[in-house]
Amino acid sequence: MFRYYLRLALLSYKRNPILSSLMVLAIAMGIGACMTTITVNYIMSSDPIPQKSEQLFYVQLDSWDPNSPAREPNDPPDQVTWTDATNLMKAKQAFRQSAMARSGGVVEPENGDSKPFMTDIRLAYSDFFAMFNVPFQYGSGWDSQSDDNRDMVVVISRAMNDQLFGGENSVGKTVRLAGHNFRVVGVLKEWRLVPRFYDVTTGAFDNTEDFYMPMPLKESLELTSNGNVNCWKRPAEDGFLGFLYSECVNFQMWVELRDDAEKQAYMAFLNSYADEQRALGRFERPNNNRLSNVMEWMAYNNVVADDAEIMLWLSLMFLLVCLLNTIGLLLAKFSGKAGEISLRRAVGASRRDVFMQHLVETGLIGVIGGIAGLGLAMLGLSGIGVLYGDLANDLTSMDPKLVAIALGLALVSSILAGLYPTWRSTRVAPASQLKSQ
Amino acid sequence: MLTMTNVKKIFRTDLVETHALKDFSLQVNEGEFVAVTGPSGSGKTTFLNIAGLLETFESGQYMLDGNDVSQLSDNARSKIRNQKIGFIFQGFNLLPDLNLFDNVDVPLRYRGWSASERKQRIEHALETVGLASRQKHLPSQLSGGQQQRVAIARALAGEPRFLLADEPTGNLDSKMAHSVMELLQDINQRGTTIVMVTHDPSLAAEAGRNIFVRDGQVSELHEVNTFADVVNG
């Protein structure tokens, strides 16, 4: 009977194309608005590294002002100082660890036809690539010796390799960056990390950087700080090194801890490190050190912005309004079918038969509305892309799961909207209609 | 076949109560062709609706085919309508988007028969009314008389034992009306019991028995060709 009902539903659509299309449009608009915001929220809040998100921990050390917390009510700063970052790296107490920061510099292409351009640089340690499952096209990351020796090496993104070397294997080649020559040791495959959780201070939805180099080079090459820098007291000395060794926080610290025992041991290490620093005159606040895994860290930083959540609720309410309109249109449509319903009831259709027939009709409208809604959602997402540019590139695509959610939402909501009109259609008194036909 | 005893039907609104049938009693035997006549508002159509299980009633008893159908559930009444009763309406009530084949198929869809069995019955029914060659046509492509023939084919396709016709020729000219009557008589002669409501004395005269309804009650029963006498008083 389902195929029969489906055929009747298509005929009914053709009989009332304007009314049916209005319903499709109402559902499509509701679904389109909903799916746009659901997609943005879904991608914003998705686990960017599901295999390891429980094992990667962000380190917070409370080295802040003894008279006021870094963040109310009593939170430690969201980055660490150069001193602490390098100390923790030297201690090597985690299975893997990498302090990091964003810097920048001018790239001078060898090809004289290309102009120099600014680029972002990720300063990190050698474990960075293994910790974050960074995929390589050519070569690999540098090793820990290169960290210690402050080797002039870089890993470049695929896009940068395409731009500078035409996509060829550039391992061993030289690139001039920030006024120095660097040897390329690795080229990444396409790597999009959404959200880019390892440094939310510079934007959780920024692209990953095009250059990666050993972080100790920051000191020797006096590389700039392109990320957020927060200070609670003035540097004791002037100049680059005075600022670098100040109590200003500008560095992210990530560690990989494979199980709870390792996590507890590392936490104990952090506390004893803080005690040690307190003995040296730093860390004047009580111990308030923290380890947050990836999802905890994203939640702590409100990576899913409050206004995105408000937009989600608004769009759900908009869908509700669209569905209320659909209910009205369905009531009008089904009341226009009273003659047909009466005839079917007279010749033997049960109320259940009539209900199922109209439920399929409602479902068909829902599915068509859902498909049209997907189109509108794509438009909405590309609109976000236009408004926010690169910032939103990764937010503006739907995966198959979201397409399935859209169609499911359309089907369920249209059927819910259709329940009352469909039920009403089964209550038509056939005798009153048949004589008047 | 059909026995109604003291059936009472009241239509109620907030302001008015209308007694459509008052102690309505009637028996129709198997194989009969009964014409029901009477003035407008006398209760003819209400009787037909109750007979076709499209309406419930306040009191009394209705026996159909030996079974008491007075208190059946909505589902049970649908099933009986589907299996035992065929309907023919004044306005044909064909579905305009469906071709003749699909229109005749409507009651059979609820019968649970296979596609091949339905096809065979539909083709036979359309053949019986002389429209086998036009099964792919839409109702709008047919004359009024032909549309009523399709409606008759739809009523016949499930081989009901009981055919209810409400003014089946009311929308037809006299030539077409007599053609439809001939068809109904032919169907009746093959064993189907027919109850027909009509305003037309000449058509009523062609039925085997006439029943005159007045003020919701059977006024008098007449044999063939006595309807005119009743009308003339």
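**Exercise 1. Strand β4 and its neighbour in chain B**

Find the residue that stands opposite L2(B) in β4(B), then work out how β1(B) and β4(B) are joined.

*Solution.* Start at L2(B) in this predicted model. Across from L2(B), in β4(B), stands L64(B). Next, place the two strands in the chain: β1 covers residues 2–12 of chain B, and β4 covers residues 59–64. Finally, look at the pairing itself: β1(B) and β4(B) run antiparallel and are joined by 5 bridges.

**Exercise 2. The other partner of β1(B)**

Describe how β1(B) is joined to β2(B), and name residues that stand opposite each other.

*Solution.* Begin with the bridges: 8 of them link β1(B) with β2(B), and the two strands run antiparallel. Then follow the chain from one strand to the other, where a hairpin of 4 residues makes the connection. Now pick out some facing residues. R12(B) has E17(B) of β2(B) opposite, while M4(B) faces L26(B) in β2(B).

**Exercise 3. Putting the sheet together**

In what order do the 4 strands of the open sheet in chain B lie, and which of them stand at the edges?

*Solution.* The pairs you have just traced belong to an open sheet with antiparallel pairing, and its order in chain B is β2-β1-β4-β5. To find the edges, look for strands with a single partner: these are β2 (17–28) and β5 (67–68) of chain B, so each has one side left without a neighbour in the sheet.

**Exercise 4. Helices α5(B) and α6(B)**

Work out how α5(B) and α6(B) are oriented to each other, and which residues meet.

*Solution.* Two numbers help here, because two packed helices are described by the angle between their axes and the distance between the axes. For α5 (residues 144–157) and α6 (residues 174–189) of chain B, the angle is about 15 degrees and the axes are 9 Å apart. Angles under 35 degrees count as roughly parallel, and α5(B) and α6(B) are therefore roughly parallel to each other. Their crossing is right-handed.

Now turn to the side chains. On α5(B), the residues involved are G144(B), G145(B), Q148(B), R149(B), I152(B) and L156(B); on α6(B) they meet M176(B), S179(B), V180(B), L183(B) and I187(B). Sorted by class, this contact has 6 nonpolar, 4 polar and 1 charged residues.

**Exercise 5. Helices α3(B) and α4(B)**

Repeat the analysis for α3(B) and α4(B): how are they oriented, and what classes of residue make up the contact?

*Solution.* Helix α3 (residues 100–109) of chain B packs on helix α4 (residues 115–128) of chain B at about 120 degrees, with axes 10 Å apart. That angle lies outside the 65 to 115 range for roughly perpendicular and is not over 145, so α3(B) and α4(B) are oblique to each other. The crossing of this pair is right-handed. From α3(B), L100(B), F101(B), V104(B), D105(B) and L108(B) take part, and they meet R118(B), R121(B), I122(B), A125(B) and L126(B) of α4(B). This contact has 7 nonpolar, no polar and 3 charged residues.

**Exercise 6. Where chain A touches chain B**

Which element of chain A gives the most residues to the side that touches chain B?

*Solution.* First take the totals: 20 residues of chain A are in contact with 21 residues of chain B. Next list the elements of chain A that give two or more residues: α1 (2–15), α12 (338–346), α13 (351–388) and α15 (430–434). Of these, α12(A) gives the most, with 6 residues. By class, this side of chain A has 9 nonpolar, 4 polar and 7 charged residues.

How values were computed
Residues numbered from 1 in each chain as written. Chains lettered and ligands numbered in written order. Predicted model: local features only at pLDDT ≥ 70, side-chain atom pairs only at ≥ 80, totals over all residues. Contact = placed C-beta atoms within 7 Å. Nonpolar A, V, L, I, M, F, W, Y, C, P; charged D, E, K, R; others polar. Axes fitted to C-alpha atoms, helices over the stretch in contact; angles between N-to-C directions. Left-handed = near helix turned anticlockwise from the far one by under 90°. Pairing = 2+ DSSP bridges.
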